[in-house]
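Dear colleague,

I am passing on the structure below, together with an account of what was found in it. Please read the notes with the coordinates open beside them.

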Amino acid sequence: MKSKISGVALTPLLLASFLTLPANAQDLIIMISGGTFADAQIEAFVKPFEEETGLTVRAIKSEVPANKLKLAVESNTIDFDLSLKTEADGIMLNKLGYLEPIDYSVFDKAELEGIPEGLRPSWGVGNITASFLLSSSTELEKRPTNWAEFWDVDAFPGKRTLQAFIGVQGPLEEALLADGVAMEDLYPLDVDRAFAKLEEMKPHIRKWWTSGNDALQLFNTGVADMGMNFDGRVYALQAEGRPFDLTFNQAKYYAVHWTVPKGAPHKDTAMKFIEYATRAKQQARMAEISGFAPANTAAMAFLPEEKARRLVTYPENFKTAYKLNGEWYAEVDEEGRSNAEKLQERWNVWLTQ
Amino acid sequence: MNSSFSRAANVLFLPGVIFMTLLFLYPLLRMAAISTGFPDFNGDSYARFFSIPSYVDTLFRTFAASTIVTVACFILGYPTAVFLSQARGHKKSILLACVVLPYLTSLLVRTYAWMVILNDTSPLNSFLMWTGLIDQPLGLLFSTTGALIGMVHIMLPAMILPIYAILQGMDPAQMRAAKALGGGPARAFFKVYLPQSLPGIRSGATLVFALSLGFYITPAALGSPSDLMLSNLITAVLNSALDFRFASAIAIILLACTLAAYGLVGLFGTRSAQGGVLISRIFSPLVAGLKKLLPSTGNGRAAQRWTSNVGREQVWEGTGSRILAAYGYLVLFFLVLPSILVVVMSFSDERILNFPPRAWSLRWYEVLFTDPLWAEATWTSLRVAAVSTVLSMLIGGTAAYALVRGSAALRPGIFALMLAPMIVPSVVNSVGLYSVLAPWGLVNREVGLILALTPGSISYVVIIMLATLTSFDPRLEMASSSLGAGRIRTALKIILPIIAPGAIAAALFAFIHAFDEVVISSFIAGSTMQTLPLKIWYGIQYELEPVIAAVSTLMMIFPIIALPFLGRRAKVLRT
């Protein structure tokens, strides 16, 4: 039995927290997703940025789905300056004209060179490279090493989870890989084949996770022994002493971009923040805490070897991974509907069948 | 009552009517228009719904789940209500509190509690594995069974309270007479007791069934991915495809089903199916049941009723009553268990839920009080709920007064309008409100959220204030004015003190509604403005951390503190 703070100490804490609340005194409002990933960003970006600039940042641990962002821009009620978007979402929102162009003039030349060109389009700058990969409990007798083995429920017993289809991400590539498609032949996705393969897995999935924290909790609470997870979340599980490990074999990686919505209240500060958050040093700090790979390749120099080894962009890991094709998801047919939208509808119907 | 009095009172209908029309009727109409492709009119989106088998399955599943929940609530609730009506004295108030406190506890808190209990590593599973009854955890969380358990738990008070209210008003002498006349206990029960309790059963069953049709949060959090309910489907369509037209069509289908459920009871129960009368028939037993717990409201008469119950006769004796008591205690235990577990979990020192926690600390309370985001969410909720309470007291209070004093011809229609938000599933309201508030630029704004939450609060105010005002003798008011007091003086010196206990109860319910609402808020509040329940809701979805247990514990304390305060305050005002 231990008690960190006494009940007596709580009362002034409570009062203080209620009295010292600054009402709307923020210089910047950013959406930083949730859970351990958000915590890492606060540590690596937000706190040092506040210290260096003296500005106040309101970091909200939540996400704004692309559709909500669209509605907010349309109704002119954008009340945040920065949010994280995948490549596919970024391309789609940019096509609609819902994103502010990035002001690359505030960036340091040398820093900018560290960010691969593909990670600094006009509409957003890469923050991290995350990957979906196969994670499993080290307590299992037999652990799957690729998606085909994961699909083999008899040879590899255990409770399974996969990601639900959310906008531009889902377990379609994994299903195709399990069905024998090679990594380099995945795109354009054979959607019918993917759904047919998913049908096999459906009865074995108790919960399709929808967010990184959701996934983390499923493994954490014993609902799942194996399945899709983010690299960073697996490391978060390990940090909590949970028996999970990952393989970069057939890992699907993609970049998360900082984007500024049209009509953001503090646009210029937002640009400054992005510039700060993509500096090699800050990126290294982020990678160290979160286990997600930095978008700025120069960050690798600031990382100890054993930390770098854990990242998807580490050469050895990178060889067996493939890139999620965001452009394919954002591709629009003659009716103006993107592949992502069509897939989402098909998924909703399929799931309730 | 003279007619100038009544004409003057008719003016008081206006604020309520205008407000409800703008923020309840108009959004629904607009949603209906959008669903038909306004300005064109066609049924394409409806045809699409019925052409996709899995969507039609969802409709049937929604009905099936609501039926199961209703039947289960009846089986658990009826004997419990009988048991409660037999209890006496202090024991009775404690037992009643076990029903009412869960009812007043945040829906999210109760849902979170079930996530904790049904977990694979939960106390329930550890206990069963320890006893050797099972060797694998029961996969209850994210399963249909899990969702049903949570839904039954949440709906149970809405079944027990109306039945209890009716049983409480029954004359026990009738049962005695039936038995004395040789009917035997079973016959006496089926011929005398059960028929008399039917209004309570009807009210409870309708409430539970109709509210279950619109269930959203609980199945989403506890259910399996394939047992989506209609309301979850609406959100899925809106969030993923942004198909406002299709979402509106599904919302209209859900609304039609709900109204049909109410209508069915109207047909069976009465000759006239007037909306307002129907709603009051369904809701007033619930309010009556709730008021039993608030002995000092209702002009102090309830308090007397309580003491008069002390000498009340037992309808059941011997073994039967012992079985009944055992059953009643079990059901009440089921009702309060989740809250107890949440309180215990909140003192855990672990990030992972274990029961009992392996180490204890106040760290989650520390997080709660030091994290500015939690404080900010709390402040936002308090502000929104406070303003909404004031607004709904002004608008709803005037409307209730007008309903008592105003023209009888206008009464049923306006009554129905004021209470309608209560019977429409909140996800339906949300879609409509969004379509209206977004073009006005009120989404993502505190003002917008307040406006969106106030119609629901007004309904609570109207129903409680009406109960208070009807028990108020208008002659007192006339006496006051005939003795030379002006309108304002009469209002301050005569009306206000008498209605104060009811008004406090009304304000409490309005506040709890606005403070706890999460479905409408999740549509209207937007991304950066987070109320406390919204923050909990995102937290439940993303992190099952004990910090949510801590905030839930604090939210449970709120009704516990509020209730006795209500009683004391009312007494002070009376003397």
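A salt bridge, as the term is used here, is a side-chain nitrogen of Lys or Arg within 4 Å of a carboxyl oxygen of Asp or Glu. By that rule A:Asp179, A:Arg193, A:Lys197 and A:Glu200 are linked in a network of salt bridges. Please keep in mind throughout that this is a predicted model, and that the distances and accessibilities quoted here are computed from it.

Within that network, the pair A:Lys197 and A:Glu200 has its closest N and O atoms 3.2 Å apart. Both residues belong to helix α8 of chain A (residues 191-201), where they sit 3 residues apart, about one turn of the helix. The two partners differ in their surroundings, since A:Lys197 is buried with a relative accessible area of 12%, whereas A:Glu200, at 44% relative accessibility, counts as partly exposed.

Over all chains, a search of the whole structure finds 19 salt bridges, and two more from chain A deserve a description. In one of them the side chains of A:Glu43 and A:Lys47 meet at 3.2 Å, N to O. These two residues are 4 residues apart in helix α2 of chain A (residues 35-53), and so are separated by about one helical turn. A:Glu43 is partly exposed, with a relative accessible area of 35%, and A:Lys47 also counts as partly exposed, at 41% relative accessibility.

The other salt bridge joins A:Lys267 to A:Glu100, with the closest N and O atoms 3.9 Å apart. Because A:Lys267 lies in helix α11 (residues 267-277) of chain A and A:Glu100 in the loop between α4 (87-95) and α5 (109-114) of chain A, the pair ties together parts that are 167 residues apart in sequence. Here A:Lys267 counts as partly exposed at 34% relative accessibility, while A:Glu100, at 11%, counts as buried.

A further lysine of chain A, A:Lys252, is found in strand β8 (residues 244-259). Is this residue, A:Lys252, buried or exposed? With a relative accessible area of 0%, A:Lys252 is buried, because the cut-off for that class is under 20%. Its side chain is joined to that of A:Glu173 by a polar contact of 2.8 Å. Leaving aside residues up to four places away in sequence, A:Lys252 touches several others, including A:Phe132, A:Glu174, A:Met228, A:Tyr322 and A:Leu324.

Still in chain A, helix α16 (residues 339-351) has 13 residues and reaches 18 Å from its first C-alpha to its last, close to the 18 Å expected at 1.5 Å a residue. This helix, α16(A), is mostly covered, as 10 of its 13 residues are buried. Among the buried residues of α16(A) are A:Leu343, A:Trp347, A:Val349, A:Trp350 and A:Leu351, along with A:Gln344 and A:Glu345.

Turning to chain B, its secondary structure comes to 26 helices and 0 strands. Of the 575 residues of chain B, 60% count as buried. Among contacts in chain B between residues at least 6 apart in sequence, 80% join residues at least 24 apart. As one example from this chain, B:Leu23 has its place in helix α2 (residues 13-35), and is buried with a relative accessible area of 6%. Not counting residues up to four places away in sequence, B:Leu23 touches B:Leu433, B:Leu437, B:Leu451 and B:Pro455.

Finally, there is the interface of the two chains. The contact takes 57 residues from chain B and 57 residues from chain A. Between them, chain B and chain A bury about 5,200 Å², 58% of it on carbon and sulfur atoms. The rule finds 2 salt bridges across this interface, one of which is formed by A:Arg58 with B:Glu376, the closest N and O atoms being 2.5 Å apart. There are also 5 residue pairs in polar contact across the interface, both residues being at pLDDT 80 or more. On the side of chain B that touches chain A, the elements that give two or more residues are α4 (53-86), α12 (230-241), α17 (363-370), α18 (372-405) and α25 (532-542) of chain B. Of these, α18(B) gives the most, with 7 residues. By class, that side of chain B has 29 nonpolar, 18 polar and 10 charged residues.

With best regards

Note on methods: Residues are numbered from 1 along each chain as its sequence is written. Chains are lettered from A and ligands numbered from 1 in the order in which they are written. This is a predicted model: local features need pLDDT of at least 70, side-chain atom pairs count only at pLDDT 80 or more; totals for chains, interfaces and linings use all residues. Side-chain values use heavy atoms; hydrogens and water are left out. Contact means heavy atoms within 4.5 Å. Buried area is the accessible area (1.4 Å probe) that two parts lose on being put together, summed over both. A polar contact is a pair of N or O atoms within 3.5 Å; within protein, one must be able to donate a hydrogen and the other to accept it, and residues adjacent in sequence count only if both atoms are side-chain atoms. Ala, Val, Leu, Ile, Met, Phe, Trp, Tyr, Cys and Pro count as nonpolar, Asp, Glu, Lys and Arg as charged, and the others, Gly among them, as polar. The expected span of a helix is 1.5 Å times one less than its number of residues. Buried means under 20% relative accessible area, exposed over 50%, partly exposed in between (1.4 Å probe, protein chains only).
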